[in-house]
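Open the model in your viewer and keep the sequence panel beside it. This tour tells you what to select at each stop and what you will find there.

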Amino acid sequence: MSSILKNIAIIGASGSVGKPTLDELLKIGKHNITVITRKSSEAVFPAGVRVEKGDYDDDAFMQSALAGQDVLIIMLAFPALPQQDLILQQAAKAGVKYVLPSEYGMDSQNEKACEISSMIQEKEDIQNRIKELGMKFIAVVTNFWTDYMIAHRAGGYDLLTRKATIHPGPYRWHTTTQAQVGRGIAAMLSLPTTTIERDFANNWLYLTSFHVTHEEMFHAILQATSSTEADWMVERKPAEQLVREGKEKLGKGDCSGVWDVLHGAVFAEGYGGAYSREPHNGMLGLPEEDLVEVIRTAAREVKE
Ligand SMILES: NC(=O)c1ccc[n+]([C@@H]2O[C@H](COP(=O)([O-])OP(=O)(O)OC[C@H]3O[C@@H](n4cnc5c(N)ncnc54)[C@H](OP(=O)(O)O)[C@@H]3O)[C@@H](O)[C@H]2O)c1
């Protein structure tokens with residue numbers, strides 16, 4: 001029987017993608033899972049999981065939690081991202097072989113995306129750091145999470161106020177649900193070690209749920225909310241214009257421009273939203289999902 005990467009540690013296993021990833025790994029049931037959670041965390045984890053509670057800067061704690069791990073999955077909240085480098089140093093010292101860095105968004109292989117956003121450029125820096133420390137990275141590309149975008153009123157679609165900024169045109173981009181991110185990672189980590197080494201070591205895993213235009217996504221939102229365009233305040237502008245406006249804001253010292261640049265780039269041609277290769281869904285046997293149903297469920301979670 002071919003061997004698998006048996007021992008997996010997860011940091012951030014209680015989070016938006018951490019939870020579905022942990023749940024899917026447990027469902028598959030082939031791995032020994034260790035969850036590393038902060039001392040201050042109130043997160044609760046399912047039975048059958050080894051839970052290590054401590055701080056990322058506690059060397060003795062991290063060495064004990066990471067000893068013998070084949071894989072470290074890092075899924076850190078945004079404010080904690082500066083701590084990723086310290087975590088990587090500890091992982092290397094403990095002998096971890098593969099690291100999934102805290103990416104799970106835009107394609108860090110896309111040069112144009114790296115050029116316009118330091119947040120994406122930093123992903124490449126982290127990949128290089130992982131290699132420099134003698135480990136191998138597996139970068140997970142998902143683009144905007146479909147359900148997260150709806151719940152957080154992002155991407156130009158605000159279900160609370162029923163305002164939408166639509167980027168017209170035929171350009172199709174990928175978007176992935178949080179559940180599919182978890183399924184995709186768990187399925188990839190259940191492949192034989194030789195396949196992971198061949199296809200994913202120092203390489204990218206591409207996941208998707210839907211491949212849609214901005215307008216198609218809006219139509220699905222109308223269906224899911226049983227509304228028509230007349231019920232919404234709709235503005236239409238090219239996504240590239242949002243990128244330009246963001247850059248102008250940044251030029252004037254307005255930091256909110258960072259988000260305009262980033263959001264514009266997700267939906268504008270050339271920044272990797274359409275992926276540079278076929279997603280790995282087929283290879284991993286991931287299911288088809290229903291966009292209207294995903295939006296309907298996420299709409300119940302819309303944040304004030
Ligand atoms: N594509 C997208 O649409 C999208 C959206 C959001 C994020 N992302 C990416 O996905 C990664 C994971 O994001 P996420 O939304 O899953 O993260 P999250 O839910 O906000 O947080 C994940 C975990 O980080 C841990 N954590 C460590 N320090 C923390 C702190 N100071 N405050 C709060 N939590 C802290 C917590 O685990 P414990 O409580 O167990 O310690 C928490 O459950 C991000 O780094 C980002 O790169 C992508």
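Which residue just after helix 1 takes a positive phi? Select Gly29: its phi is about 70°. Keep in mind throughout that this is a predicted model.

**Stop 1: helix 1**

Step back from Gly29 and select residues 18-28, which make up helix 1. Colour its buried residues: Gly18, Lys19, Pro20, Thr21, Leu22, Glu24 and Leu25. Now show what they pack against. The partners are strand 1 (7-11), strand 2 (32-37), strand 4 and helix 7 (178-188).

**Stop 2: the whole protein**

Zoom out. The protein has 13 helices and twelve strands. Its radius of gyration is 20 Å, close to the 19 Å that the globule rule gives for 304 residues, so the protein is as compact as a globular protein of that length. Rotate the C-alpha trace along its principal axes; the spans are about 60 × 40 × 40 Å. Buried residues account for 44% of the 304. Next, consider contacts with a separation of 6 or more: 75% of them join residues 24 or more positions apart.

**Stop 3: the ligand**

Select the ligand and its shell. Which residues come nearest? Of the 26 residues around the ligand, they are Gly12, Gly15, Ser41, Ala77 and Ala80. Colour the shell by residue class. You will get 14 nonpolar residues, ten polar and two charged.

**Stop 4: Met75**

Select Met75, in the loop between strand 4 (71-74) and helix 3 (84-94). Is Met75 buried or exposed? Met75 counts as buried because it has 25 C-beta neighbours inside 10 Å, and the cut-off for burial is 20 or more. Show its contacts beyond four places in sequence: Ile10, Ile11, Gly12, Gly15, Val17, Gly18, Thr21 and Ser102. Two of these names have come up before: Gly12 and Gly15 are among the residues that come nearest the ligand. Gly18 and Thr21 belong to the buried set of helix 1. Then draw a C-alpha to C-alpha line from Met75 to Glu42. It spans 17 Å, across 33 residues of sequence.

**Stop 5: Asp55**

Move to Asp55, in the loop between strand 3 (50-53) and helix 2 (59-66). With 13 C-beta neighbours inside 10 Å, Asp55 counts as partly exposed. Leaving out residues up to four places away in sequence, Asp55 touches Arg38, Lys39 and Phe61. Add Ile36 to the view. The C-alpha atoms of Asp55 and Ile36 are 8.8 Å apart, with their positions 19 residues apart along the chain.

**Stop 6: strand 6 and its partners**

Select residues 136-141, which form strand 6. Five of its six residues are buried, so to speak of this strand as mostly covered is fair. Strand 5 (residues 98-100) pairs with strand 6 in the parallel sense over two bridges. Look for Val99 opposite Phe137. Strand 10 (residues 203-206) also pairs with strand 6 in the parallel sense, over four bridges. Here Ile138 stands opposite Asn203.

**Stop 7: the three-stranded sheet**

Now show strands 7, 8 and 12. They form an open sheet in the order 7-8-12, with mixed pairing. Which strands stand at the edges? They are strand 7 (157-158) and strand 12 (233-236); each has a single partner strand, so one side of each is left without a neighbour in the sheet. Strand 7 and strand 8 (residues 163-166) pair in the antiparallel sense over two bridges. Find Tyr157 opposite Ala164. Then add helix 9 (residues 214-224), which lies across strand 7 and strand 8 and runs at about 155° to strand 8.

**Stop 8: two positive phi values**

Most residues other than glycine have a negative phi. Two residues to check next go the other way. Select Arg153, in the loop between helix 6 (146-151) and strand 7. Its phi is near 55°. Arg153 is partly exposed, with 16 other C-beta atoms within 10 Å. Finish at Ser226, in the loop between helix 9 and strand 12. Ser226 has a positive phi of about 45°. Is Ser226 buried or exposed? Ser226 is exposed, with 8 other C-beta atoms within 10 Å.

Note on methods
Residues numbered from 1 in each chain as written. Predicted model: local features only at pLDDT ≥ 70, side-chain atom pairs only at ≥ 80, totals over all residues. Near = placed C-beta within 6 Å. Nonpolar A, V, L, I, M, F, W, Y, C, P; charged D, E, K, R; others polar. Pairing = 2+ DSSP bridges. Contact = placed C-beta atoms within 7 Å. Axes fitted to C-alpha atoms, helices over the stretch in contact; angles between N-to-C directions. Rg over C-alpha atoms; globule rule 2.2 N^0.38 Å. Buried ≥ 20, exposed ≤ 12 C-beta atoms within 10 Å, placed from the backbone.
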